[in-house]
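Open the model in a viewer and keep the sequence panel beside it. The stops below say what to select and what is there.

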Amino acid sequence: MAWFKRETKGIITTTEEKKEAPDGIWNKCPECKKPLHYSEQVENQYVCHYCGYHLRIGSKEYFSILFDNNEFTELFADLRSGDPLHFEDSKKYTERLKETQAKTGLKDAIRSGFGKMGGQPLVIACMDFNFIGGSMGSVVGEKIARSIDYSIEHKVPFLMISKSGGARMMEAAFSLMQMAKTSAKLALLSQAKIPYISLLTDPTTGGVTASYAMLGDINIAEPGSLIGFAGPRVIKETIKKDLPKGFQTAEFVQEHGFLDFIVDRRQMKEQLSSFLKMMDN
């Protein structure tokens, strides 16, 4: 029965000789649980080719998908959050910022860039959920405001990609002030008759939903995105009723008139380019 024991050299591998796959090469689809290779994810624009689930991605990936040849100029890259309240919970806010910046390679929860999409100039501001839950602090509001000013100055459309857990509690009222600040800037953008596209991705919640995320000339979303203000548990406990099926999904929100349309990420660049061409004409 030697064949059953697999005693032939090369078949039994010691722990020291085993080779592990590098981190990030394989991923599991959260929806269908099937394995996804990194190259397949990039080719399919981070959408599961088995079930169509849209994986969560950050500004780096969105910029590579939307900007022509991934060529863009990053705007206001050096803005960093301060600590106006000297906030401290389980650790100091300044320490949390440093750790998150080192871990993600980001300065804050948003990046802005100017480039071309489908040959048309465009400013894109994109939030990153990996940075303290994509929370909206003073830097997020300031970058959006400056990006809008840049769009007005150069007369180019503005695309906002929202992905956030809401306002950043470590900055308290300074964070909440960004809701009014960004809304006022968007009013100036509207007066200048410059198109504003708001793209809501998974998740878009809290003060972000209650301000700039819902103020677009067109509001669009990716399939299956969680979109809402308060969480389902809080709403259920408040109204003392069971919530309808699919509550706070992009499809539910569209059905109730808060979204213009839902777009698959693989067709997003084409559809947005078509919209901008129509607006330009």
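Helices of at least four residues and strands of at least two are DSSP runs, numbered from the N terminus. The model is predicted.

**Stop 1: a cis peptide bond**

Select strand S7, residues 196–204, and find Pro203 within that strand. Which form does the peptide bond from Asp202 to Pro203 take, cis or trans? The bond is cis, and its omega is near -5°.

**Stop 2: a positive phi**

Go next to the loop that runs between strand S3 (72–75) and helix H4 (93–104), where His86 is found. His86 is not a glycine, yet its phi is positive, at about 50°.

**Stop 3: the annotated zinc finger region**

Select residues 29–51. An unreviewed UniProt entry places the feature "zinc finger region: C4-type" on this stretch. Over residues 29–51, 26% of the chain is helix and 13% is strand. The C-alpha atoms at the two ends of the stretch are 9 Å apart.

Now show the side chains of Cys29, Cys32, Cys48 and Cys51, which carry the feature "binding site" in the unreviewed UniProt entry. How are these residues arranged in space, given that they span 23 residues in sequence? No two of their C-alpha atoms are more than 8.8 Å apart, so the residues gather at one spot. One of them, Cys48, lies in the loop between helix H2 (38–43) and helix H3 (59–66).

**Stop 4: the two domains**

Colour residues 23–55 as domain 1 and residues 56–279 as domain 2, following the division of the protein. The contact between them takes eight residues from domain 1 and ten residues from domain 2. Between the C-alpha centres of domain 1 and domain 2 the distance is 23 Å.

**Stop 5: the interface**

Keep both domains on display and turn to the surface they share. The size of an interface is often given as the accessible area lost when the parts come together. For domain 1 and domain 2 the buried area is about 840 Å², with 53% of it on carbon and sulfur atoms. On the side of domain 1 that touches domain 2, four residues are nonpolar, four are polar and none is charged.

Which contacts cross this interface? There are five residue pairs in polar contact between domain 1 and domain 2, both residues of each pair being at pLDDT 80 or more. The count of salt bridges across the interface of domain 1 and domain 2 is zero.

Conventions
Residues are numbered from 1 along each chain as its sequence is written. This is a predicted model: local features need pLDDT of at least 70, side-chain atom pairs count only at pLDDT 80 or more; totals for chains, interfaces and linings use all residues. Side-chain values use heavy atoms; hydrogens and water are left out. Domain bounds come from an automatic or database domain assignment. Contact means heavy atoms within 4.5 Å. Buried area is the accessible area (1.4 Å probe) that two parts lose on being put together, summed over both. A salt bridge is a side-chain nitrogen of Lys or Arg within 4 Å of a carboxyl oxygen of Asp or Glu. A polar contact is a pair of N or O atoms within 3.5 Å; within protein, one must be able to donate a hydrogen and the other to accept it, and residues adjacent in sequence count only if both atoms are side-chain atoms. Ala, Val, Leu, Ile, Met, Phe, Trp, Tyr, Cys and Pro count as nonpolar, Asp, Glu, Lys and Arg as charged, and the others, Gly among them, as polar. UniProt positions are given in the numbering used here, feature names are shortened, and annotations may be inferred rather than shown by experiment.
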